[in-house]
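Biologist: I'm new to this structure and would like to start with one part. Please take me slowly through the interface between the chains, then show me what lies on either side.

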Amino acid sequence: MVENGEKEQKAHTIVIAVENKSGVLARIAGLFSARGYNIDSLCVSETEDPSISKMTLTVKGDERILEQIYKQLNKLIDVIKVFDLTEGDFIDRELALVKVKTLNAAARQDIMQIASIFRAKVVDIGRQSLTLEVAGKTSKVNAMIEMLKSYGIKEMIKTGKIAMAREFNQKK
Amino acid sequence: MTGAEIMVEALKKEGVDIIFGYPGGVLLPLCDKLYDSGINVILVRHEQGAAHAADGYARSSGRVGVCMATSGPGATNLVTGIATAYMDSVPVVAITGQVATHLIGSDAFQEVDITGITRPITKHNYLIKDVKDITRTVKEAFYIAKSGRPGPVLIDLPVDVQRAEGKFEYPDEIEIRSYKPTYEGHPLQIERAWKAIKEAKRPLFLVGGGVISSGASEHLRNFVEKTGIPVVFTLMGLGSIPGDHPLALGMLGMHGTKYANYAVVESDLLIAVGCRFDDRITGKIETFAPHAKIIHIDIDPSSISKNIVVDIPIVGDAKNILSKLVENAEKLHIEAWVKKIMDWKEKHPLTYEKNGLKPQYIIEKLSGMLPDDAIICTEVGQNQMWTAQYYKFRKPRTLVTSGGLGTMGFGFPAAIGTQVANPDKIVLDIAGDGSIQMNIQELATAVYNKLPVKIIILNNRCLGMVRQWQQLFYKKRYAFTCLEDAEPDFVKLADAYGAIGYRVNSTEEFDKIIPKVLKEKEKPVLVDCWICEEENVFPMVPAGASLDQMLEGLA
Ligand SMILES: Cc1ncc(C[n+]2csc(CCOP(=O)(O)OP(=O)(O)O)c2C)c(N)n1
Ligand SMILES: [Mg+2]
């Protein structure tokens, strides 16, 4: 029997605890490409335990695809645990560096004001540009970037999301 | 001790006494230590042969098969064999030589990133960079290969690590924190399953290779006999209970029996054990078992609800779970259902026209005269499907065939590995004239090692299975499938290698020669059977059609 209900594509935030060894990232990336799953963002780093790395991934898919992703990740020998944070309450942050054009003094003023509203920091300044550092939820980071677009963004880079379940209210 | 010596000792600790392999530059330190180690290294003639032989050894014996090759081309030649083992969940450990660690990444002579290449076709793989990691790695590799859902593991061993000095300390146990296969089925799920089985009116077992690899055949048979539930098999599940058992309905799927496919279509409860709902068995997925609730017992959670949504999943070892289910088993009142199936069986048996030398005749004949423990390896194509249809496999591990990958050239080297693991049994390779030419060089291996493998070529002078599709779906345009014009003289070929060769053209000739062939104990024997060229495999569910839409013959 096959499920034929509608398939809702939902964004999921997954954290994977893996052995901190070379080749593990390739295994995970390879799994996603081989099985045709799309990664929207990926962030990898060490944890409090240097033998473990954590990867935060955002992926889109319906429930069945997510279930498969979860199982296939768990099947990799180097994967210690997979958490789908989307099910519970979690904290997530992202950091962006944005270099914006400052064609005149007025623009510069405006941009500084936008920065202060979003609690962004000015981390570099040039004759014709300002570089801002903003951190927070993806939606906030994106909102600021949106605001800055009309001034002309010369260069931008984001870390991708990192996430952690809250102490209470954890589901998975 | 050198790394190579440590490797040899570690392999001994794992009980390895046979390695199928081929040497090369960066494998020399290991080869040198193996030379007088007591481990029997069987020199193949192509590394692909080594991988398939290790695979056949593993499938037929249940032990881990081991193969080795040098770096670069040696390692890449293993790839098809590793992928074949991966697709059918066979425990194989492949050892490859690698260039020295300081050269890795420099495009050195015969360097390839074999751990990168085999990442998607191994259960796990390792590149050992330090001599002190050898023992733990070997221990882990064998453990991973044979536990949980088995699979191939590759160990890449650079030449300088083979030469480095180290100590041999073999761990008694290992603990891999990130790898804990589930063996016990959840008791509540088992209870739900039993309840569903008792309530079902038209229950049916669907049995795959997991039953064989977990050693669950006895339990399955007990359960089937106590309850009276009929059984259909995937290609990999054949032999898990005897093919001539009254409740055995043969293979389902694309070339399944009509009664097996009808049973799936009408069943109201499918008890799937150790199978993965490959497209060759489901046909059109939307209409697969349309009336059935599905219980799925499998050790790999990712197999569950991957292709087919399952109602009652039970993750765990098939043997373990079936032994629990058997405890409650009792006779079910499903007489009407069984009668219906038996009527189908009578009305739609497998048939073929009996004129000339027919492949079906050959298989039936062999099935009738071989002992129950004879092991049949196959190549891929029509030869494989006729074997699956007409041979009654009566014991587990008596069919060695490439199911998932469908690798032509698998059968013969796999038969070599099978014969090595089972020196006292009769081992056959049912071959096609196309497939056998893919690893024919292994005749030298079989002759040298006095392995009396019997090769039965169902010679139709063409790539029959592909030709069948062209005949049915490509307007009889036979693109690149005719071998007739340059078919080698297989008898002379056998002779050239020092094997025995016969050619037969009729049933009488076949009947006459075969007792002599089966008696041969020293040399490989090749029987080139010139079968009727146009014969096709039926029934057939065309790709993408539902299981009950079977073609019976040519329109
Ligand atoms: C390595 C490989 N190449 C190609 C195929 C595709 N293929 C499947 S069956 C087949 C024909 C096999 O011919 P033969 O061995 O003569 O067997 P027959 O079908 O004639 O019995 C081919 C080419 C394959 N399965 N494996
Ligand atoms: Mg052929």
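Modeller: Happy to. Put chain B and chain A together and about 2,000 Å² gets buried between them, with carbon and sulfur atoms giving 48% of that. Buried area here is the accessible area, for a 1.4 Å probe, that two parts lose on being put together, summed over both. Three residues stand out on the chain B side: Arg119(B), Arg177(B) and Ser178(B) supply 30% of what chain B buries against chain A, more than any other three residues.

Before we go on, a bit of housekeeping. This is a predicted model, and local features need pLDDT of at least 70, side-chain atom pairs count only at pLDDT 80 or more, while totals for chains, interfaces and linings use all residues. Residues are numbered from 1 along each chain as its sequence is written, chains are lettered from A and ligands numbered from 1 in the order in which they are written, and side-chain values use heavy atoms, with hydrogens and water left out.

Back to the interface. Chain B brings 28 residues to the contact and chain A brings 20, where contact means heavy atoms within 4.5 Å. Two salt bridges are counted between the chains; that term needs a side-chain nitrogen of Lys or Arg within 4 Å of a carboxyl oxygen of Asp or Glu. Here's a salt bridge you can find on screen: Asp300(B) pairs with Lys75(A), and their closest N and O atoms are 2.8 Å apart. There are also 10 residue pairs in polar contact between the chains, both residues at pLDDT 80 or more. A polar contact is a pair of N or O atoms within 3.5 Å; within protein, one must be able to donate a hydrogen and the other to accept it, and residues adjacent in sequence count only if both atoms are side-chain atoms.

Which elements of chain B give two or more residues to the side that touches chain A? Those are strand 5 (124-127) and strand 11 (293-298). Sorted by class, that side of chain B has 13 nonpolar, six polar and nine charged residues. For these classes, Ala, Val, Leu, Ile, Met, Phe, Trp, Tyr, Cys and Pro count as nonpolar, Asp, Glu, Lys and Arg as charged, and the others, Gly among them, as polar.

Now for the partners, starting with chain B. Its secondary structure comes to 21 helices and 18 strands. With a radius of gyration of 24 Å, close to the 24 Å from the globule rule for 555 residues, chain B is as compact as a globular protein of that length. That radius is taken over C-alpha atoms, and the rule is 2.2 Å times the number of residues to the power 0.38. Helices (H or I, at least four residues) and strands (E, at least two) are DSSP runs, numbered from the N terminus.

Chain B is divided into domain 1 (3-163), domain 2 (187-347) and domain 3 (359-530), with bounds from an automatic or database domain assignment. Domains 2 and 3 of chain B have an interface of their own: about 1,400 Å² is buried between them, 66% of it from carbon and sulfur atoms. On the domain 2 side, Leu235(B), Leu238(B) and His255(B) lose the most area to domain 3, together 38% of what that side buries. Zero salt bridges are counted between domains 2 and 3 of chain B, but there are three residue pairs in polar contact, both residues at pLDDT 80 or more. The side of domain 2 of chain B that touches domain 3 has eight nonpolar, five polar and three charged residues.

Chain A has four helices and nine strands, and from the N terminus they run β-α-β-β-α-β-β-α-β-β-α-β-β. The assignment splits chain A into domain 1 (10-88) and domain 2 (91-164), whose C-alpha centres lie 29 Å apart. Eight residues of domain 1 of chain A are in contact with six of domain 2, and about 500 Å² is buried between the two, 63% of it from carbon and sulfur atoms.

One last stop in chain B: the peptide bond from Phe538(B) to Pro539(B) is cis, with omega near 0 degrees. You'll find Pro539(B) in the segment after strand 18 (525-530) of chain B.
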